Structures are given as C-alpha cells and as structure tokens.
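Hello,

Here is the structure I promised to send over. Have a look at it first, and then read on for what turned up in it.

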Amino acid sequence: MSAIPEFTHERVLTSMGARSGLVITVALHSSALGPALGGCRMWTYPTWADGQADALRLSAAMTLKNAAAGLDAGGGKSVIALPMGTTLDAERRRAALLDLGDLVEALDGRYRTAEDVGTTEHDMLVVRERTAHVVGLPAENGGAGEPAGATALGVYSAIAPTLEAAFGSDRIEERSFVISGLGQVGGRLARMLAGHGARLFVTDIDDRKRQLAHDLGAEWIAPEAALTTPADVLVPAGLGGILTDETIDALPVRAVVGPANNPLADRSGAERLAARGIVYAPDFVVNAGGVIHLEGMGHGMEWPAIAERLTGIGDTVRGVLASASDRGITPLAAAEALAAERIDAARASAHAMHVGV
C-alpha cells in the first residue's frame, strides 16, 4: 500500500448537496496571507473522490499563485463533481450552486469563491444568494466581471521573458506557438499573438472553435497533435496534467508558457523539461491575472492600476527564470521559493503578534 501524502490543508469540507444530490468539495489550503481566494470548478469526474482530489490539488496551487502574485490572499478552491455522463438542467444547476453557497458560508469568510472551469460570473449571482463570500460577479451587478481578459493579458506579459530565456530575444513576430485550448483565455491570447505577427497552430476539443482559427489565419490541428506539433512555444490553455514523462520526452518545442493550471502531470516534469533545455514558465505565476483583477476590483482599484499589476507578471516571470538560472534550480522550484518566502513571513508575523513579541 502506498503512503498517504501529507495533509497540508487548513480545512476541507466535502458534502452531498441537499438540493442537488451532487458531491461538492470546498478546500481551504491556507489563509496565512488573508482570506483564501479561488474559483469553483464544475466538471465531470470518474468518482466523487477524483473531484475531491482535484479540489485539494487546485487549492494548494492557489496558495502559491496568490502568494507569488503579491496578493494578501490565501489559497482555496471548490469543485462540484458531476458523475460521468451527467448533464445538468437549469433547475439542478441552480440547486448545485445554492449547495455550494452553503458550504462556502460554513467557512465564515475564510474562503471566497469565484468562477472557474464550468462556471460563469452569472452562476456566482446564484451562489451569492447563500453567502456574501463570493467575487467575480457580473459588472452590471457591481462585480469585477469576467476575469478572462485580465488572465490573458497576464499570460501575454509572461511570454516576452520566456522568449528571452529561450531564444535571447522577446520578439513575437514570426515565432511559432501551439495553443492547446481556445476557451475564454486561450481565445483571447490567440488574438493577441496573431495581432503581433505570431504563427499559430491551434486546437480545442470543441470543433466549433475552428472558426476562430480561420479568422486569425491560424492552422488548425487535431487535439491529440498539440504535444507533437513542432513549434517554438507550447501554450497549454485547457485542463492540466498534459505534460507527462512520455509527452515531455517527445515535446518538440523550446518553451512552455500558458494559462492552464497544473500542466505538469508530476512536479518531476520540471526537472525533465530543464534536462531537455525547454524553458518552463510556472503556471501559477503566469496565470495569476484573474485573481489580481478580482482582488484589485475588490479593493476599489481602477483599471490602469490593475493593468499595471497584470503587466508586472512579466517582471515576476523574468525574476523567477533568472533566479532559477543563478541558483541552478528549476523555474518551478524558484517560483515556489518566492511564494514560500511570503507565506513564511506572514506566519512568522502572526506568531510574533500571538505571543506578544
């Protein structure tokens, strides 16, 4: 029997929704830097335990993301696990969101939810009927609105330093990119790159996204070809876990940078990428634009100030890649060290206040 991994979360609630009959998990990983922030994923899983495991993994990643982004926010995530083959009608979807709101409320403000894969800003209005601890509401309802544009801008800002590290130049024109996933963020990023003269190979599991490829003059490839198509840069923009040992060993690119959460199937993939000379910009640094936007709007910041922080993601990536090179470690380890430094400092400060030092 394999060893059970160390439990690092502050609190995890898993419950069958009283209204929906769906298993929902809210995972609070850390509130050392402040109330946790992380969206709700509504997705199909083989078992409810797989949904719970995803919430644990994603919430830990949110702790790193928020810390590395310099936010006074901890890490959390929620998952509404749909059984295989399940399609929710409007009534059951609403029921699931109300059930989620009850679980979030049970954490007394230590976790704030928002939209994520499978949910929308309008879904958050339903969640708000049961709890005030929800962000990312539609702009017309006084919220921050859709964060995908901010996430895409942050990813775009991360591309220049990644290119510098891989090629010695941040020039996008004529560089080739494989974009795997043309959702809200991937689609926006494709438009930005195309507008700056990049050569694009794009794909999505939704065949209707072919129209976007046509509009941008991009070459459409099959989803299964995303990891085998030769290009300068791979941009993972869908679900995580795609970079396994086998795919990394055959990956025909010089750099990986994209908005997908946890693209590495295992953290050892960072060493494997480095051994092949492939520059990896850690996902939780690259894709922090959404939470920066949500936190900024929540604190009354105007868009120019938020945009400045979003473009600052490029500086953070540059610093992480430089630190990795100087210390002889992977960019993933350098980014984790950056986040850990902030979290440790916050915990030390809290401890000093508690003991009256």
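How many nonpolar, polar and charged residues does the lining of the largest pocket have, by class? There are 21 nonpolar, 17 polar and eleven charged residues in that lining. For these classes, Ala, Val, Leu, Ile, Met, Phe, Trp, Tyr, Cys and Pro count as nonpolar, Asp, Glu, Lys and Arg as charged, and the others, Gly among them, as polar.

Before the rest, a word on the source. This is a predicted model, in which local features need pLDDT of at least 70 and side-chain atom pairs count only at pLDDT 80 or more, while totals for chains, interfaces and linings use all residues. Residues are numbered from 1 along each chain as its sequence is written, and side-chain values use heavy atoms, with hydrogens and water left out.

**Pockets**

A pocket here is an open set of points on a 1 Å grid over the protein atoms alone, where a 1.4 Å probe fits and protein lies on both sides within 12 Å along at least five of seven lines; lining residues have an atom within 4 Å of a point. Grid points are joined across faces, edges and corners, and a volume is the space filled by probe spheres set on the points.

The largest pocket holds about 1,300 Å³ of space. Its lining is made up of 49 residues, and Val-117, Gly-183, Ala-237, Gly-238 and Leu-239 lie nearest the centre. At least two lining residues come from each of β4 (40–45), α1 (48–68), α4, α5 (184–195) and α10 (289–298). Helices (H or I, at least four residues) and strands (E, at least two) are DSSP runs, numbered from the N terminus.

The second largest pocket has about 980 Å³ of space and is lined by 29 residues. Nearest its centre are Leu-56, Arg-57, Ala-60, Ala-61 and Leu-64. Helix α1 gives the largest share of this lining, seven residues, and α9 (283–286) and α12 (331–355) each supply at least two. By class, this lining has 14 nonpolar, seven polar and eight charged residues.

**Helix α1 and Leu-58**

Since α1 contributes to both linings, I looked at this helix separately. Its 21 residues should span 30 Å at 1.5 Å a residue, and the end C-alpha atoms are indeed 30 Å apart; the expected span is 1.5 Å times one less than the number of residues. Gly-70, which follows α1, has a positive phi near 80 degrees.

The buried residues of α1 include Gly-51, Asp-54, Leu-58 and Lys-65; buried means under 20% relative accessible area, exposed over 50%, and partly exposed in between (1.4 Å probe, protein chains only). Leu-58 has a relative accessibility of 2%. Leaving out residues up to four places away in sequence, Leu-58 touches Arg-41, Lys-77, Asn-261 and Asn-262, where contact means heavy atoms within 4.5 Å.

Asn-262, one of those partners, lies in the loop between β11 (255–256) and α8 (269–275). Its phi is near 50 degrees, a positive value in a residue other than glycine, and at 16% relative accessibility Asn-262 counts as buried. Asp-108 also has a positive phi, about 55 degrees, without being a glycine, but Asp-108 is exposed, at 65%. The loop between α2 (90–105) and β6 (111–112) is where Asp-108 lies.

**Cores and helix α11**

A nonpolar core is a set of buried Ala, Val, Leu, Ile, Met, Phe, Trp, Tyr and Cys residues joined through side-chain atoms within 4.5 Å. The largest has 76 residues, and Phe-177, Ile-179, Leu-193, Leu-200 and Leu-251 touch the most other members. Helix α4 (residues 148–167) provides the largest share of this core, eight residues. A second, separate core of 24 residues includes Ile-24, Ala-36, Met-42 and Ala-96. Not counting residues up to four places away in sequence, Phe-177 has contacts that include Ile-159, Leu-163, Leu-193 and Val-233.

Finally, helix α11 (residues 303–327) has 25 residues and reaches 36 Å from its first C-alpha to its last, close to the 36 Å expected. Among its buried residues are Ile-306, Leu-310, Val-317 and Leu-321. Gly-328 comes after α11 and has a positive phi near 70 degrees.

Best wishes
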